[in-house]
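Colleague: Please take one part of this model and go through it closely with me, in connected prose, with the cut-offs behind each term.

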Amino acid sequence: MKRIRLGDVIVLIVVVVAAVAIAMWSGAFGPRRATTTDVPASKVRDQLEQLEVRGFVDAPEYFREEFGEPWADVDNNGCDTRNDILARDIDKAIFRGPCIVDAGILSDPFSGQTIYFERGEKTSPLVQIDHVVPLSNAWYAGAWQWDLATRERFANDPQNLLAVSGAANQDKGNLSADQWLPENKDYHCAYVARQIHVKATWGLSVTEAERQAMIDVLADCPVVEVPKG
């Protein structure tokens, strides 16, 4: 009977370990998860890499009132934030006075549809203002530690606000990137980039699942620039 040498056993173990590692890397045991190195170099990627990843947060319960007056005129231009965003995002806007947007056409980034906006009890809800980083998400991501004035400024930050389809906004609710993405796949890159930029600007954290979802989206994108406005 041929004796098995220790050296042969070691070589066999090394070969098996190497084979398993190669198989795992190539996806034989499931798809390889994207990492930030798969994301094209950009300021958005830099911001993503800087975001703190949080675990359980022992924060007080979220209430909308903790973010101050809805649509407060934080920039002191005489117009409330809702009308500021409608004026920015709606084409061919018709105004009543210097501030109030009465009608116009929205190219909805969430659905990819064109929506005619007309102010009215039954028609106004067709276009709503979305907090790209939902307020409840921001609360548990660190905003619970801010004072009321800071939270009110965040709730009215134009970088975190978009005029969108009311139905899409209701469908999204307070969900994060790992739980919800717009129906319009062509907007995924810009949507995630805006969430990252807002969180980086305000020092807000992400969960591990949220971060991975952001990476998975951006890994399939061309270079994404920091959103403007």
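**The sheet and its surroundings**

Modeller: Strand S2, residues 100-107, pairs with S3 in the antiparallel sense over five bridges, where pairing requires that DSSP finds at least two bridges between two strands. Strands here are DSSP runs of E with at least two residues, helices are runs of H or I with at least four, and both are numbered from the N terminus. Before going further, please note that this is a predicted model, in which local features need pLDDT of at least 70 and side-chain atom pairs count only at pLDDT 80 or more, while totals for chains, interfaces and linings use all residues. Residues are numbered from 1 along each chain as its sequence is written, and side-chain values use heavy atoms, with hydrogens and water left out.

Within the pairing of S2 and S3, isoleucine 105 has tyrosine 116 of S3 as its bridge partner. Taken as a whole, the sheet is open, with three strands in the order S1-S2-S3 and antiparallel pairing. Its edges are formed by S1 (91-96) and S3 (114-118), each of which pairs on one side only. On average, neighbouring strands of this sheet are turned by 10 degrees against each other, direction ignored; the axes behind such angles are lines fitted to C-alpha atoms, for helices over the stretch in contact, and the angles run from 0 to 180 degrees between N-to-C directions. Contact, in turn, means heavy atoms within 4.5 Å. Helix H3, residues 81-89, lies across S1, S2 and S3 and runs at about 45 degrees to S2.

There is also a covalent link to consider here, between cysteine 79 and cysteine 99, which form a disulfide with their sulfur atoms 1.9 Å apart, the criterion being a pair of cysteine sulfur atoms within 2.5 Å. Cysteine 79 sits in the loop between helix H2 (43-50) and H3, whereas cysteine 99 sits in the loop between S1 and S2, so that the pair links distant parts of the chain, 20 residues apart. The link is left-handed, with -70 degrees about the S-S bond. Cysteine 79 counts as buried because its relative accessibility is 10%, and cysteine 99 counts as buried because its value is 14%; buried means under 20% relative accessible area, exposed means over 50%, and partly exposed lies in between, using a 1.4 Å probe and protein chains only. This disulfide is one of two in the structure.
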